Amino acid sequence: MTAAVMAWALSRLAGGQRVVLASVVETSGSVPGKVGARLAMSMNQDWTGTVGGAGLEMKVLARCRELLTLNPTPYGEVLRFGLNKGAKGYEVKPLDSLCGGQVTLSIEVMIPMPHVLSLIHISEPTRLGRIAY
């Protein structure tokens, strides 16, 4: 799944679109998405992959949409979700879930590589050449 998500993201980037990539980077307890699970969303909000489904995935997809709207430049953040209503702590966003574990995700806005055009003119050929400015 990871290779397919990455290939999909790279194809969108090659087509000139910004992409958001969300990756599960840490888990504890009972969770639906394991470390390495990924999803990617393009500028037209189509997406592929999964970070575990259900409420977690809905929150992550909503954040991906926000980031595509708000960030025309590269950007990244780390989010931690507690997969139950009673999850507490300043670092955990509670979800209405029965799993009970915690999931930490990296979410990254990627932009296409800019195309750089370089024009060099050689005015008088010599052994090394001379660059005209």
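**Briefing: salt bridges, strand pairing and confidence in a predicted chain**

At 28% relative accessibility, Asp46 counts as partly exposed, because this value falls between the limits of 20% for buried and 50% for exposed residues. The model discussed here is a predicted one, with a mean pLDDT of 82 for the chain. Two helices and eight strands make up its regular elements, and their order along the sequence is α-β-β-β-α-β-β-β-β-β.

**Overall build**

- The chain has 133 residues, of which 34% count as buried, while its accessible surface comes to about 8,300 Å², with 59% of that area belonging to carbon and sulfur atoms.
- When contacts between residues at least 6 apart in sequence are considered, 53% of them join residues that are at least 24 apart.

**Strand pairing around β6**

- Strand β6, which covers residues 102-110, pairs in the antiparallel sense with strand β1 (residues 19-28), and nine bridges connect the two.
- Strand β6 also runs antiparallel to strand β4 (residues 75-82), to which it is joined by eight bridges.
- Gln102 of β6 appears in both pairings, being the bridge partner of Ser28 and also the bridge partner of Gly82.

**Salt bridges across the chain**

- The count of salt bridges comes to four, and the pairs described below include links between parts of the chain that lie apart in sequence.
- Asp46 and Arg12 meet through their side chains in a salt bridge with an N to O distance of 3.7 Å; this pair links distant parts of the chain, since Asp46 sits in the loop between β2 and β3 (47-49) and Arg12 in helix α1 (residues 2-14), 34 residues apart.
- Arg12, at 21% relative accessibility, counts as partly exposed, because residues are called buried under 20% and this value is not under that limit.
- Glu26 and Arg80 form another salt bridge between their side chains, at 3.0 Å from N to O; Glu26 belongs to strand β1 and Arg80 to strand β4, so that 54 residues of sequence separate the partners.
- Both partners of that pair are partly exposed, Glu26 with a relative accessible area of 40% and Arg80 with one of 26%.
- Arg63 and Glu77 also meet in a side-chain salt bridge, with an N to O distance of 2.7 Å; this one links helix α2 (residues 54-70), which holds Arg63, to strand β4, which holds Glu77, across 14 residues of sequence.
- Arg63 is partly exposed at 22% relative accessibility, whereas Glu77 is buried because its relative accessible area of 13% is under 20%.
- Salt bridges that share partners bring Arg63, Glu66 and Glu77 together into one network.

**Ser42, a buried residue in β2**

- Ser42 is found in strand β2, which covers residues 38-42, and at 0% relative accessibility it counts as buried.
- The side chain of Ser42 makes a polar contact of 2.6 Å with the side chain of Asn44.
- Leaving out residues up to four places away in sequence, Ser42 touches Trp8, Arg12, Gln17, Arg18 and Leu68; among these, Arg12 is also the salt-bridge partner of Asp46.

**Pro74, an exposed loop residue**

- Pro74 lies in the loop between α2 and β4, and it counts as exposed because its relative accessibility of 54% is over 50%.
- When neighbours within four places in sequence are set aside, Pro74 is in contact with Val109 and Ile111.
- The C-alpha atoms of Pro74 and Arg18 are separated by 9.0 Å, although these residues stand 56 places apart along the chain.

**Confidence**

- Of the residues in the chain, 73% reach a pLDDT of 70 or more.
- Among the elements of the chain, β2 has the highest mean pLDDT, at 97, and strand β5 (residues 93-94) has the lowest, at 50.
- Where pLDDT is low, the predicted coordinates should not be read in detail.

Conventions
Residues numbered from 1 in each chain as written. Predicted model: local features only at pLDDT ≥ 70, side-chain atom pairs only at ≥ 80, totals over all residues. Heavy atoms only, no water. Helix = DSSP H or I, 4+ residues; strand = E, 2+ residues; numbered from the N terminus. Buried < 20%, exposed > 50% of the residue type's maximum accessible area, 1.4 Å probe, protein only. Contact = heavy atoms within 4.5 Å. Areas by Shrake-Rupley, 256 points an atom, 1.4 Å probe, with all protein chains shown as cover. Pairing = 2+ DSSP bridges. Polar contact = N/O pair within 3.5 Å; in protein donor to acceptor, adjacent residues only side chain to side chain. pLDDT = per-residue confidence, 0-100.
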